[in-house]
Protein chains: 2
Amino acid sequence: MTVEPIRVLVNGEASNAVATTDRGLLYGDGLFETIACVDGKLQLWHLHMQRLQAGCERLGLGDIDIDALRDECLGLVDGVVRGVLKVIITRGTGGRGYRPPEDVTATRIVQLHDWPMHPESAHAQGISTIICNTRLGQNPSLAGMKHLNRLEQVMARREWNDEAIREGLMLDNTGHVIEGTMSNVFLVRKGRLLTPDLTRCGVAGIMRAHVMGLAAQENMTVDIRAITLTELQQADEVFVCNSLIAIWPVRRVDDTTFEKGPLTTRLQACLARANDDSIT
Amino acid sequence: MTVEPIRVLVNGEASNAVATTDRGLLYGDGLFETIACVDGKLQLWHLHMQRLQAGCERLGLGDIDIDALRDECLGLVDGVVRGVLKVIITRGTGGRGYRPPEDVTATRIVQLHDWPMHPESAHAQGISTIICNTRLGQNPSLAGMKHLNRLEQVMARREWNDEAIREGLMLDNTGHVIEGTMSNVFLVRKGRLLTPDLTRCGVAGIMRAHVMGLAAQENMTVDIRAITLTELQQADEVFVCNSLIAIWPVRRVDDTTFEKGPLTTRLQACLARANDDSIT
């Protein structure tokens, strides 16, 4: 993975710097989106923008000009065969206290990164995962959003260095399975899809929403509810997903092994042929 | 309060900018300290540095050169009669993923701000507070640290605009009293001091530690434990504290009123005359 982004715009201008008084830095006071770019097109753009706008509403960051943001993003990915676009919206610069200034203007950062290198086997055969020791705290007022307070994920991701482990799964304080450090998780049990309820913690991923939409089109039932670690271990199939990896079958969680199953394979195929009208 | 800091150093150089790839911005991956400066001296410096070093250890940010940081800070506050020094340590710049790069170097930001304006009555007579609706999530792996994931405090501080309300008190998800948005809280019940246990959430404030030390010198007993809202409401005295305000008596929590009591007054006097050997 390239450490430095290829191109960066801050509030529409080529720049790689923000003020040390930006509330994104001071408090993690903002949101982000990680968008796959293929052949100069932004995958699942409308879903990303829906979530971003909903998050801005919840945090009180004010309206964002989605048309202007889209033009900026499309300009940045023009001619890019495969890349990752990261959009960050912070509350802007303002002071030393937690209270946001009244006249604050959001900061808009758009970064183009190289596509991350993952072995094809992760998609085709599946991956090994661990259960992280770092737990997710529960906070309904922040749950679901892809906000900039991500120390839990950083601490969880620091737990392993073994390149053979492709993801770590995280539990909440009550021991329920919530998500991967960078992905959402689905289970198949008795022919039904299950995915954790994210109203108390976790990030409601765009690929999670997309997969649920495809599953509905395929007449698969998806249950959203609390999931215990035992249920995960006894699942018939497990997979993780995000906007960049799409779907990765999970073949191992610590010492528990799984086969790549028929529903996972079917959903991967659905994703591959989805005539996605939310590409922009 | 001045919105912009007076002087800023980034890694020892005069600057007001950090990279958009700084992990402090991307993930809130870092820590901060807010230090009172009086007559060019840094109050409770050693306690601040102890906490900062302990936090760096817990987050795996690596060692910081405290001597160099002190010289930098003292240079910034030279000749300053009264100011606020904010020290921010982030994990440094690195990539798009949660996993920290192996060769990352921490970013060191030091900002000098104006002293915040508060009426003398806050200290002398006391303040009105509310109980915030925003709750604190519980996460033992992050509890106690003054890290940069502070969205809960921002959301709580957005709940009121009434200037007569000087602080908001926050509960955890189980309804226990934890702290103020920018302060720690103490109760007096039957002649004993009580302050919330912060092993599952909250910031272990420097002034909280200092007050506990002074209380011990005065042979006051301090109990650290879970505290219910009812216990708060039935307390004989309540006060909040932080490094800038020292001790403010709490005269009102929503509709419950309190007198400024003898232990609060005594601790304020102790603080005022403390021959503090941790000034630098």
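Start by selecting residues 45-59 of chain A: this is helix H2, and it lies across strands E4, E5 and E6 (82-90) of chain A. Turn the view until H2 and E4(A) are both easy to follow, and you'll find H2 running at about 175° to E4(A). Keep in mind as you click around that this is a predicted model.

Next, bring up the sheet under discussion. In chain A, an open sheet of 6 strands goes in the order E2-E1-E7-E6-E4-E5, with antiparallel pairing. Which strands sit at the edges? Select 13-14 for E2 and 41-42 for E5 in chain A; each of these pairs on one side only.

Stay with E5(A) for a moment and add residues 30-38, which make up E4(A). These two strands pair in the antiparallel sense over 2 bridges. To see one partnership, pick A:Cys37 and look across to A:Leu42 in E5(A), its bridge partner.

Now show chain B as well. Here 53 residues of chain A are in contact with 53 residues of chain B. On chain A's side, the elements that each supply at least two residues include E1 (7-10), H1 (23-27) and E7 (107-114). Which element gives the largest share of that side? Color H5(A), residues 151-157: the answer is this helix, with 6 residues. Coloring by class, you'd get 21 nonpolar, 21 polar and 11 charged residues on the side of chain A that touches chain B.

Last stop: select 17-19 in both chains. E3(A) and E3(B) run antiparallel and are joined by 3 bridges. Zoom in on A:Ala17, and you'll see B:Ala19 of E3(B) standing opposite.

Methods
Residues numbered from 1 in each chain as written. Chains lettered and ligands numbered in written order. Predicted model: local features only at pLDDT ≥ 70, side-chain atom pairs only at ≥ 80, totals over all residues. Pairing = 2+ DSSP bridges. Helix = DSSP H or I, 4+ residues; strand = E, 2+ residues; numbered from the N terminus. Contact = placed C-beta atoms within 7 Å. Axes fitted to C-alpha atoms, helices over the stretch in contact; angles between N-to-C directions. Nonpolar A, V, L, I, M, F, W, Y, C, P; charged D, E, K, R; others polar.
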